[in-house]
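Here's a quick tour of a protein model, going from loops to sheet to cavity. Have the viewer open and follow along.

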Amino acid sequence: MEVSLVGLSVGTWIASSLGVAARLGIADALAEGPATGAELAKAVGAHPDAIPPLLRTLAMVGVFGQDEEGRYVNSALSEQLRTDHPQSLRYLCALTGGLYFQASGGLFDAVRTGRPALPSVFGVPLYEQLERDPETAAIFDRAMEDLARPVAAALAEHYPFEGVRTVVDVGGGNGALLKGILAAHPHLHGICADRPEVCGRAEGELRRSGDQDLIDRLTFQPIDVFRECPPGADLYVLKNVLHDWSSGSAVRILSSVRDAMRAGAEQSARPVLLVIDPLVEHDAGAAIRPLIKLVIGEDRTRERSEADLRKEAAEAGLEVLSVTPLPPELTVAACALAD
Ligand SMILES: C[S@@+](CC[C@H](N)C(=O)[O-])C[C@H]1O[C@@H](n2cnc3c(N)ncnc32)[C@H](O)[C@@H]1O
């Protein structure tokens, strides 16, 4: 599509069409081969007249296509909307084109007031809204999984897990990061600590999977990270958690993890915390990040620099030992208890 103001002005409809196609599972339905609009509509529970406008809009930007008989087919881009694609972004697109798109309806006021858009649209902050809306909450968990998969692979390959027995992933969502790490390191046990609703959904899913090895080594622990964190682990992970929060809240979260690290210091010689988050210095998405925060972040949430993180860690009684970029967007900061 040629870049023009008219084209850009309908960009939100492209994002929301992508979200609808992802949520309906259209790419999965096309995995078997080409389909007419009527066949697709029947397969995904849509109205046949609504399939052409949706898919032709997306075809303009290379998502889906049509064969010589006019039937719809997957394109290279829409393949990545398939649930079974190894780098699937189905649920991330469903989230950004769904809940986040709805939240951006409050952007005008957000820009005028400097206060985040989502609470003004829904009346409550992000995680309270997710508690009210379990269907979107399940999409959110899976969207985080889409983003966690490549990070799990990188950590599993490069982090020295030999001396580690137990890993706690704080705010670990549905456990995707731990699942990837535990699969590669059979000696490890993992505890995924998150809000009770998230743990309930993830635990049920794990049991239904019947994967006995994982069931034996991965547990879910409901927490409120502002108050508690499971003690006794050698390694703690906080991935993509701090970036949701203001500096004051980040210090409270880090302090909660510090308490758990201190409480378990007898079991583990020197517990380590890995903060995996975007830091402006190494963030390929740095240009859009402030706007994301203005739409969904906590009030007064700002991008973090390495110096900001070091300051917050110090306030929480932690020392940053090393900072390693994890391209394209993340940084891994290894922290220990300050002496
Ligand atoms: C942006 S998501 C990141 C999920 C996961 N760490 C990842 O990177 O895929 C933030 C996570 O923090 C969790 N969270 C938010 N508030 C929390 C709280 N008060 N206590 C525990 N977890 C919380 C959310 O439920 C969510 O799973």
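## Two loops with positive phi

Helices (H or I, at least four residues) and strands (E, at least two) are taken here as DSSP runs, numbered from the N terminus. Keep in mind that this is a predicted model.

With that naming in hand, start at Phe-64, which sits in the loop between α5 (51-59) and β1 (65-66). Its phi is near 75°, a positive value in a residue other than glycine. Is Phe-64 buried or exposed? Buried means under 20% relative accessible area, so at 3% Phe-64 counts as buried.

Now jump to Arg-300, in the loop between α17 (289-296) and α18. Arg-300 isn't a glycine either, yet has a positive phi of about 65°. Its relative accessibility is 57%, and Arg-300 therefore counts as exposed.

## The seven-stranded sheet

Next up is an open sheet of seven strands with mixed pairing, in the order β5-β4-β3-β6-β7-β9-β8. The edges belong to β5 (218-222) and β8 (318-326); each has a single partner strand, so one side of each has no neighbour in the sheet. On average, and ignoring direction, neighbouring strands here are turned by 20° against each other.

Inside that order, β3 (residues 166-170) and β6 (residues 235-239) pair in the parallel sense, over three bridges. If you want a spot to click on, try Asp-169, whose bridge partner in β6 is Val-237.

## Helices against the strands

Which helix lies across β4 (189-194) and β5? That's α14 (residues 196-209), running at about 155° to β5. Helix α18 (residues 306-315) also packs on the sheet, where it touches β7 (272-277), β8 and β9 (330-337). The direction of α18 makes about 150° with that of β8.

## A cis bond between β8 and β9

Have a look at the link from Pro-327 to Pro-328: this peptide bond is cis, with omega near 5°. Pro-328 is found in the loop between β8 and β9.

## The cavity

How many cavities of 30 Å³ or more does the structure hold? Just one. The largest cavity has a volume of about 50 Å³.

Its lining is made up of His-243, Pro-278, Leu-279, Val-280, Asp-283, Ala-286, Arg-289, Lys-293, Glu-303 and Arg-304. Sorted by class, that lining has five charged residues, four nonpolar and one polar.

Notes
Residues numbered from 1 in each chain as written. Predicted model: local features only at pLDDT ≥ 70, side-chain atom pairs only at ≥ 80, totals over all residues. Heavy atoms only, no water. 1 Å grid on protein atoms, 1.4 Å probe; cavity = no way out; pocket = protein on both sides within 12 Å on 5 of 7 lines; lining within 4 Å. Points joined across faces, edges and corners; volume = space filled by probe spheres on them. Nonpolar A, V, L, I, M, F, W, Y, C, P; charged D, E, K, R; others polar. Pairing = 2+ DSSP bridges. Axes fitted to C-alpha atoms, helices over the stretch in contact; angles between N-to-C directions. Contact = heavy atoms within 4.5 Å. Buried < 20%, exposed > 50% of the residue type's maximum accessible area, 1.4 Å probe, protein only.
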